[in-house]
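Me: Please take a close look at a single part of this structure. I am a first-year student, so short sentences would help.

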Amino acid sequence: MNILNAVLTSITSSEHLSILTVSVGEDIFHLLLAEQCHNAIGEPLKLAFKETEIILSKTYTATTANIHRAVVTRISQGSVLSQITLHYHDTAINALVPTLRFDTLDIHEGDEVCWIVQPSEISLLRGHHGS
């Protein structure tokens, strides 16, 4: 599980859904939650998302997802899955991608890449989960 420290900057809610806008350093992320959010603006949060939910790209692509830049620090290729470690804001982000598809990306250690995660795939860690 990848975990990022963030700060809540805005909330848009309906009866059963909330879209949170948070900042991680200077970067903005959006989260889609199937609940009303009762956190306060400016409150520190911990974001969590699975390694398998990350998409990698060598180029920036316009998308409705969260897309940010990082540097590849380690590649460990397996026969089925490859683990790619990214350096992002002094945090290691791990991605697990199918090796057959990863081989077509021509990504190497030291490359700057874009990593993408959908707003619906990011969760908030609550107090009893280590926040």
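**A close look at strand 3**

Reply: This is a predicted model. Start with leucine 32, which sits in strand 3, residues 27-33. Leucine 32 is partly exposed, because its relative accessible area is 36%, and partly exposed covers the range between under 20% and over 50%. Leucine 32 also helps to build a nonpolar surface patch. Its partners there are Leu17 and Ile19, and the patch covers about 240 Å².

Now step back to the sheet. Five strands make an open sheet, in the order 3-2-1-4-10, with antiparallel pairing. Strand 3 and strand 10 (123-124) are at the edges. Each has a single partner strand, so one side of each has no neighbour in the sheet. In general, strands of a sheet pair through backbone hydrogen bonds. The partner of strand 3 is strand 2, residues 18-24. The two run antiparallel and share seven bridges. At one point along this pairing, valine 24 stands opposite aspartate 27 of strand 3.

Next comes histidine 30, also in strand 3. Histidine 30 has a relative accessible area of 35%, so it counts as partly exposed. Which residues does histidine 30 touch, leaving out those up to four places away in sequence? They are Leu20, Thr21, Asn66, Pro119 and Ile122. With threonine 21 there is a polar contact: the two side chains are joined at 3.1 Å. Threonine 99 is another matter. It is 69 residues from histidine 30 in sequence, and the C-alpha atoms are 28 Å apart.

Last, turn from strand 3 to the charged pairs. Side chains of opposite charge can pair when their charged atoms come close. The count here is two salt bridges. In one, aspartate 111 meets lysine 58, at 3.8 Å from N to O. Aspartate 111 is in the loop between helix 1 and strand 9, while lysine 58 is in the loop between strand 5 (55-57) and strand 6 (66-77), so the pair ties together parts 53 residues apart in sequence. Lysine 58 is partly exposed, at 38% relative accessibility. Aspartate 111 has a further link: a polar atom of its side chain lies 2.8 Å from the backbone nitrogen of histidine 108.

The other salt bridge joins the side chains of glutamate 112 and arginine 69, at 4.0 Å from N to O. Glutamate 112 belongs to strand 9 and arginine 69 to strand 6, so this pair ties together parts 43 residues apart in sequence. Glutamate 112 is partly exposed at 47%, and arginine 69 is partly exposed at 43%.

How values were computed:
Residues are numbered from 1 along each chain as its sequence is written. This is a predicted model: local features need pLDDT of at least 70, side-chain atom pairs count only at pLDDT 80 or more; totals for chains, interfaces and linings use all residues. Side-chain values use heavy atoms; hydrogens and water are left out. A polar contact is a pair of N or O atoms within 3.5 Å; within protein, one must be able to donate a hydrogen and the other to accept it, and residues adjacent in sequence count only if both atoms are side-chain atoms. Patches are made of residues with over 30% relative accessible area and no salt bridge: like charges are joined within 9 Å, nonpolar side chains (Val, Leu, Ile, Met, Phe, Trp, Tyr) within 5 Å. Accessible areas come from the Shrake-Rupley method with a 1.4 Å probe; for residues, only the protein chains shown count as cover. Helices (H or I, at least four residues) and strands (E, at least two) are DSSP runs, numbered from the N terminus. Buried means under 20% relative accessible area, exposed over 50%, partly exposed in between (1.4 Å probe, protein chains only). Two strands pair if DSSP finds at least two bridges between them. Contact means heavy atoms within 4.5 Å.
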